[in-house]
Amino acid sequence: MENEIKIFSPATVANVACGFDVLGFCLDTIGDEMVIRKTEEKGIRITKIEGYDLPFEAEKNVAGVSALAMYKDLKPDCGFEIEIYKKIKPGSGIGSSSASAAGSVFGMNALLGYPLDKTKLTYFAMKGEALASQCEHADNLAPAIFGGFTLVKSANPLQILELPTPSDLYATLIHPQIEIKTSESRAILPKEIPLSNAIAQWANVGSLVHALHTSDYDLIKDALNDVVIEPYRKQLIPHFDAVKNAALKAGALGCAISGSGPSIFMLSKGKAVAEAVEEAIKNVYSETAIAFETYVSKINTEGIQVL
Ligand code: HSE
């Protein structure tokens with residue numbers, strides 16, 4: 001059995017407009033790399049972090065916390081070293097903490113001969129994710145680990161549904177270079193919502209799930225609407241409405257906040273439209289003083305990949 005594994009741990013988009021805390025999908029072109037190594041010395045050690053300034057103490061690092069949770073449960077006859085080559089900026093809204101939390105447990109599981117299924121890996125990864133967002137949610141972790149679109153049917157007990165990915169669906173993203181902490185963007189949300197908004201939202205979630213199953217792009221367009229969270233969070237993201245208007249005008253099926261922001265995602269039918277959308281949103285942000293990055297990505301149906 002191998003003693004070392006190198007993986008690509010992808011960025012992800014949580015919520016997918018209408019599915020706050022339950023829906024997510026996996027990106028293809030953005031992600032971290034990690035090396036996980038078996039050691040004779042017991043315990044979990046983070047030995048290298050490149051890209052961003054993050055804690056080396058396992059108990060303070062999301063990759064370390066998820067690794068420790070799994071390690072304490074499995075009690076393997078070895079230890080592990082983790083190297084993190086961080087490419088996803090923390091606080092970007094595209095699952096930076098999830099990529100780390102999922103990557104460590106995925107790598108350890110592979111080195112131990114895959115004793116755990118993907119749901120159990122997600123369960124341990126949630127312990128690391130909770131360190132970053134102060135709450136256990138799996139809507140970034142599940143698509144990172146399973147790939148494609150996922151729906152968290154229940155967090156306790158953890159139940160994850162894999163949804164189909166229409167083959168011509170592409171994501172466009174803009175990441176304004178400001179940081180929004182998930183904990184802070186959760187704190188501004190109302191604890192209760194009007195029944196009429198709840199009805200609209202669950203109708204959209206059901207419709208989106210149906211649309212993914214039937215590759216119905218018109219219905220995807222209709223369903224990509226968030227009447228519950230976006231009205232509150234969009235104030236945290238400069239020029240959100242201008243980006244959304246430009247994206248829809250350029251042909252995007254929908255546009256919404258990626259996770260807790262500040263990134264904004266769009267879904268489009270076909271790469272050409274996704275690229276036209278990218279141009280349109282670049283034009284919006286080029287007029288501002290805020291630095292930004294944009295990406296076009298196919299939906300990654302595989303999730304974390306062994307390199
Ligand atoms: N569903 C979570 C939120 C994702 O929107 O707060 C955070 O990455």
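Five aromatic pairs occur in this predicted model. In one of them, Phe25 and Phe149 come together in a tilted arrangement, with 5.1 Å from centre to centre and 40 degrees between the planes. The pair links distant parts of the chain, since Phe25 belongs to strand E2 (residues 23-39) and Phe149 to strand E5 (residues 149-155), 124 residues apart. Both Phe25 and Phe149 are buried. The two rings also belong to a wider group, as Phe25, Phe149 and Phe265 form one aromatic cluster.

Turning to the overall fold, the chain comprises ten helices and eleven strands. Its radius of gyration is 19 Å, close to the 19 Å given by the globule rule for 307 residues, so the chain is as compact as a globular protein of that length. The C-alpha trace spans about 60 × 40 × 35 Å along its principal axes. Of the 307 residues, 56% are buried. Of the contacts between residues at least 6 apart in sequence, 73% join residues at least 24 apart.

The surface and the charges complete this overview. The accessible surface of the chain amounts to about 12,800 Å², and carbon and sulfur atoms account for 51% of that area. There are 28 positive and 37 negative side chains, and the centres of these two sets lie 2 Å apart.

Three buried positions give a closer view of the interior. Thr122, in helix H3 (residues 118-133), has a relative accessible area of 0% and is therefore buried. Beyond its neighbours within four places in sequence, Thr122 is in contact with Ala138, Leu141, Ala142, Ile145, Phe146, Leu158 and Ile160. Ser258 sits in the loop between strand E8 (254-257) and strand E9 (264-269), and with a relative accessible area of 0% this serine is likewise buried. With neighbours within four places in sequence set aside, the contacts of Ser258 include Thr12, Val13, Ala14, Gly93, Ile94 and Leu173. Phe265, a member of the aromatic cluster, is also in contact with Ser258.

Val205 is part of helix H6 (residues 195-214). This valine counts as buried because its relative accessibility is 17%, and the cut-off for that class is under 20%. Outside the four places on either side in sequence, Val205 is in contact with Cys18, Gly19 and Leu23. Val205 and Asp226 are 21 residues apart in sequence, and their C-alpha atoms are 9.5 Å apart in space.

Some backbone details also deserve a look. Most residues other than glycine have a negative phi, and most peptide bonds are trans. A cis peptide bond joins Asn156 and Pro157, with omega at about 0 degrees, and Pro157 falls in the loop between E5 and strand E6 (158-163). Another cis peptide bond joins Gly261 and Pro262, where omega is about 10 degrees. Pro262 lies in the loop between E8 and E9, the loop that also holds Ser258.

Positive phi values appear at Asp21 and Lys75, neither of which is a glycine. For Asp21, phi is about 70 degrees, and the residue is placed in the loop between strand E1 (4-14) and E2. For Lys75, phi is about 45 degrees, and the location is the loop between helix H1 (62-74) and strand E4 (79-85). With a relative accessible area of 65%, Lys75 is exposed.

Definitions and conventions. Residues numbered from 1 in each chain as written. Predicted model: local features only at pLDDT ≥ 70, side-chain atom pairs only at ≥ 80, totals over all residues. Heavy atoms only, no water. Helix = DSSP H or I, 4+ residues; strand = E, 2+ residues; numbered from the N terminus. Rg over C-alpha atoms; globule rule 2.2 N^0.38 Å. Buried < 20%, exposed > 50% of the residue type's maximum accessible area, 1.4 Å probe, protein only. Contact = heavy atoms within 4.5 Å. Areas by Shrake-Rupley, 256 points an atom, 1.4 Å probe, with all protein chains shown as cover. Lys, Arg positive; Asp, Glu negative; His and termini not counted. Charge placed at Lys NZ, Arg CZ, Asp CG, Glu CD. Phe/Tyr/Trp six-rings, centres within 6.5 Å; stacked < 30°, edge-to-face > 60°.
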